[in-house]
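I opened the notebook today to record how a few helices pack and where some single residues sit. The entries below follow the order in which I looked things up.

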Amino acid sequence: MLPKFAIRLTLFYLFLGITWILGSDRLVQSFTDDPQTLSLLQNYKGLFFILVTACSLFLLTKHEEQKRKAIIERLNNALKQAEIASKLKVSFLANISHEIRTPLNAIKGFSQILQTAEIEPETMKEYPHIINKNTDILLQILEIVLEASKLQAETITPDFRKINLSYWLKKNLIDFNKSNSFRLILKTPDPFLDTLPQLNSDPAILSRCLYLLTNGMKRFINSKEINLNVVYKNNENIISLCFSGFYDYDRLSKMADFFQPFNSINERLPNEDFSIGNELYMAKRYGELLQASFYTKTQDNIITFCVDLPILP
């Protein structure tokens, strides 16, 4: 099958040639009847036709070449994104597999002990609590898997609306600290928060993104507190939410480059024996829906995870 460009080019050249020959011959003959002058004009006419068609062919082929390069670039970008997505998917599944085995082994082990072993009554009371705790952990992991499948299928659509960030942060901090074993402390003073412009975002998706981010961050810190600082980058029209805490040297030394927008210390993907990054992966996917970007930084013994939220119109 002939390519469309070749057909268009052939038809264009055929139409131009026939039109030029028929039209220019009549025009030349209307100027003079002298054979020598006619021959000279015919030469000039032919040279002019060659010049015009050469320039036209050059412009057409240049335009097609630019289109071809643009298509190749888009295909290469799509291929790179597919490779990144594939690596993330493999890593995510490896992490999930590791995290699922841990509570399952605990549930199975303590259930077998309750069935077969003779245990002191006081000790036995602790085992159902351990089983329930690991069951809750398992349900949370399954919830993440379901969320990941929805995000992968792009079935979650953000509902953008204006958010008063000062009020929203204070309300979410109260709810967050009630339901978590560690505290999130807002360090930015109220007078500054009150001056911030309204944020155009989806409050539900933003809440979920920050919840997963801080829960993923717990893996790297060795304290029960996470500090939150709000930075307004006026020149870039961005509000940055920065979460910081004292990091665990051992865990941070194993930190993997789990997804691109976080600068990381190590470019390798997580090993099966070190589960890391599921919450961060989900936070990143939710952040993408809000056009947010992520990065990390370390200074002295403090690690900071930042979310840059654009102030959309």
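**Entry: α5 against α7.** I began with helix α5 (residues 165-178) and helix α7, working throughout from a predicted model. The two pack at an angle of about 50°, and I noted that their axes are 12 Å apart. An angle of that size makes α5 and α7 oblique to each other, and I recorded the way α5 passes α7 as a right-handed crossing. I then listed the residues that meet: from α5 these are W168, N172 and F176, and from α7 they are P203, L206, S207, L210, Y211, T214 and N215. Sorted by class, the residues of this contact come to six nonpolar and four polar, with no charged residue among them.

**Entry: α7 against α9.** Next I followed α7, which spans residues 203-217, to its packing with α9, where I found an angle of about 155° and axes 8 Å apart. Since angles over 145 degrees count as roughly antiparallel, I wrote down that α7 and α9 are therefore roughly antiparallel to each other. I entered their crossing as left-handed. On the α7 side the contact is made by I205, R208, C209, L212, L213, N215, G216 and M217, and on the α9 side by E279, L280, M282, A283, Y286, G287 and L289. I divided these residues into ten nonpolar, three polar and two charged.

**Entry: α4 against α9.** Which residues of α4 meet α9? Before listing them I noted the geometry: α4 (residues 126-152) and α9 (residues 278-289) pack at an angle of about 35°, with 11 Å between their axes, and α4 passes α9 in a left-handed crossing. In α4 the residues I was looking for are I144, E147, A148, L151 and Q152, and they meet E279, Y281, M282, R285, Y286 and L289 in α9. By class I have seven nonpolar residues, one polar and three charged in this contact. Reading back, I see that E279, M282, Y286 and L289 of α9 are listed as meeting α4, and that E279, M282, Y286 and L289 are also listed as meeting α7.

**Entry: E225.** I then turned to a single residue, E225, and placed it in strand β4, which covers residues 225-233. Is E225 buried or exposed? I found neither label to fit, because its relative accessible area of 38% makes E225 partly exposed. Leaving out residues up to four places away in sequence, I found E225 touching R183, I185 and S244. I also checked S181, which is 44 residues from E225 in sequence, and I noted a C-alpha to C-alpha distance of 9.4 Å between the two.

**Entry: two residues with positive phi.** I reminded myself that most residues other than glycine have a negative phi, and then looked at two that do not. N237 has a phi near 60°, a positive value in a residue other than glycine, and I located N237 in the loop between β4 and β5 (238-246). With a relative accessible area of 36%, N237 is partly exposed. Q291 also has a positive phi, near 60°, and I located Q291 in the loop between α9 and β6 (293-299). Because exposed means over 50% relative accessible area, Q291, at 52% relative accessibility, counts as exposed.

**Entry: the whole chain.** I closed with the overall values for the chain, which has nine helices and seven strands. Of its 313 residues, 35% count as buried, and I entered an accessible surface of about 19,700 Å², of which 58% belongs to carbon and sulfur atoms. Among contacts between residues at least 6 apart in sequence, I noted that 73% join residues at least 24 apart.

Notes:
Residues numbered from 1 in each chain as written. Predicted model: local features only at pLDDT ≥ 70, side-chain atom pairs only at ≥ 80, totals over all residues. Heavy atoms only, no water. Axes fitted to C-alpha atoms, helices over the stretch in contact; angles between N-to-C directions. Helix = DSSP H or I, 4+ residues; strand = E, 2+ residues; numbered from the N terminus. Left-handed = near helix turned anticlockwise from the far one by under 90°. Contact = heavy atoms within 4.5 Å. Nonpolar A, V, L, I, M, F, W, Y, C, P; charged D, E, K, R; others polar. Buried < 20%, exposed > 50% of the residue type's maximum accessible area, 1.4 Å probe, protein only. Areas by Shrake-Rupley, 256 points an atom, 1.4 Å probe, with all protein chains shown as cover. Parallel < 35°, antiparallel > 145°, perpendicular 65-115°, else oblique.
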